[in-house]
Amino acid sequence: MRQLLVATRNVHKTEEISFILEGLFRVLDLSAVADAPEVEETGTTFVENARLKAVAISKTTGGLVLADDSGLEVDALGGEPGVYSARYAGPGAEDATNNRKLLAELAGIPEQKRTGRFRCVMVISREGEVLEEFEGCVEGMILEEEKGAGGFGYDPLFVPEGHTQSFAELGPRIKNGLSHRARAMEKVVAWLRLAD
């Protein structure tokens, strides 16, 4: 089976991508790469951060590398937390503190104005060269309180369009079929099949 290295140390991302690529690729992440560099996400856009990771890791491994940068964009907050989603409540922030900050920022915002989206940009690189870029997006609403015990990040606060439950309530099979990452991965898979 072909192998794909995902430029992440986030086990949740690795699990989602592995689930989506099950049977097509053997997915590895940076835990399988000795001396993989820490790549600072200094970009101001998802695509800039994904490129930084893809290029840096593919320079050290030589093989095909997939990097992703993703996050939640809330319309009432001018697109925040955006590229700072993982560290919205500060450096080293955890999901719970990020979610508390988001709820505090949206306090008093009526339901109809709590719109937003999860956005994911994926970049494929080899030997330091960007080969292709892909984007996936899912629109939805931000809840006034967390619901559900599944998923990670802002999943307990986000209800995707066309559903009444949060990503954390829907479960991995449904979430991984319609998430921003799944939509980007569809394009990645189509490209990888053509690149064979």
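## Aromatic pairs

Two rings of Phe, Tyr or Trp count as a pair if their centres lie within 6.5 Å, and planes over 60 degrees apart make that pair edge-to-face. With that in hand, we can turn to this structure, which is a predicted model. The structure holds four aromatic pairs. One of them joins Phe134 and Trp191, whose rings meet edge-to-face at 6.3 Å centre to centre, with 70° between the planes. Phe134 belongs to strand S5 and Trp191 to helix H6, so this pair ties together parts that are 57 residues apart in sequence. Phe134 counts as buried because its relative accessibility is 9%, and the cut-off for buried is under 20%.

Another pair is formed by Phe158 and Phe167, and this one is tilted: the centres are 5.4 Å apart and the planes make 40°. Both Phe158 and Phe167 are buried. Phe118 comes into the picture too, since ring pairs link Phe118, Phe158 and Phe167 into a cluster.

## The sheet

Let's step back to the strands. There are six of them in an open sheet, in the order S2-S1-S3-S4-S5-S6, and the pairing is mixed. S2 and strand S6 (158-160) are the edge strands, each pairing on one side only. On average, neighbouring strands of the sheet are turned by 35° against each other, direction ignored.

At one end of that order, strand S1 (residues 2-6) and strand S2 (residues 25-28) run parallel and are joined by four bridges. Between S1 and S2 the chain passes through helix H1 (residues 11-20), giving a right-handed β-α-β crossover. Two facing positions are worth finding in the viewer: Gln3 stands opposite Arg26 in S2, and Leu4 stands opposite Val27 in S2. As a reminder, side chains in a regular strand alternate between the two faces of the sheet.

## Helices against the sheet

Which strands does helix H2 touch? Helix H2 (residues 46-61) packs on the sheet against S1, S3, S4 and strand S5 (129-142), and the direction of H2 makes about 160° with that of S3. Helix H6, for its part, lies across S1, S2, S3, S4 and S5, and runs at about 150° to S5.

## Two nonpolar cores

The largest nonpolar core has 17 residues, and those with the most contacts inside it are Ile17, Leu21, Leu66, Met122, Met185 and Val188. Two or more residues each come from S1, S2, strand S3 (64-74), strand S4 (115-126) and helix H6 (180-195). H6 gives the most to this core, with five residues.

Val188 is a good place to look around. Beyond its neighbours within four places in sequence, Val188 is in contact with Leu66, Met122, Ile124 and Phe134. Phe134 is also the ring partner of Trp191. A second, separate core has 15 residues, including Leu77, Leu106, Tyr154 and Phe158.

## A stop at Val39

Is Val39 buried or partly exposed? Val39 sits in the loop between S2 and H2, and it is partly exposed because its relative accessible area is 22%, where buried would mean under 20%.

Leaving aside neighbours within four places in sequence, Val39 is in contact with Leu52, Lys53, Ala56 and Ile57. Trp191 lies elsewhere: the C-alpha atoms of Val39 and Trp191 are separated by 25 Å, and the two residues are 152 apart along the chain.

Methods
Residues numbered from 1 in each chain as written. Predicted model: local features only at pLDDT ≥ 70, side-chain atom pairs only at ≥ 80, totals over all residues. Heavy atoms only, no water. Pairing = 2+ DSSP bridges. Right-handed = clockwise from strand over helix to strand, strands pointing away. Core = buried A, V, L, I, M, F, W, Y, C linked by side-chain atoms within 4.5 Å. Buried < 20%, exposed > 50% of the residue type's maximum accessible area, 1.4 Å probe, protein only. Contact = heavy atoms within 4.5 Å. Axes fitted to C-alpha atoms, helices over the stretch in contact; angles between N-to-C directions. Phe/Tyr/Trp six-rings, centres within 6.5 Å; stacked < 30°, edge-to-face > 60°.
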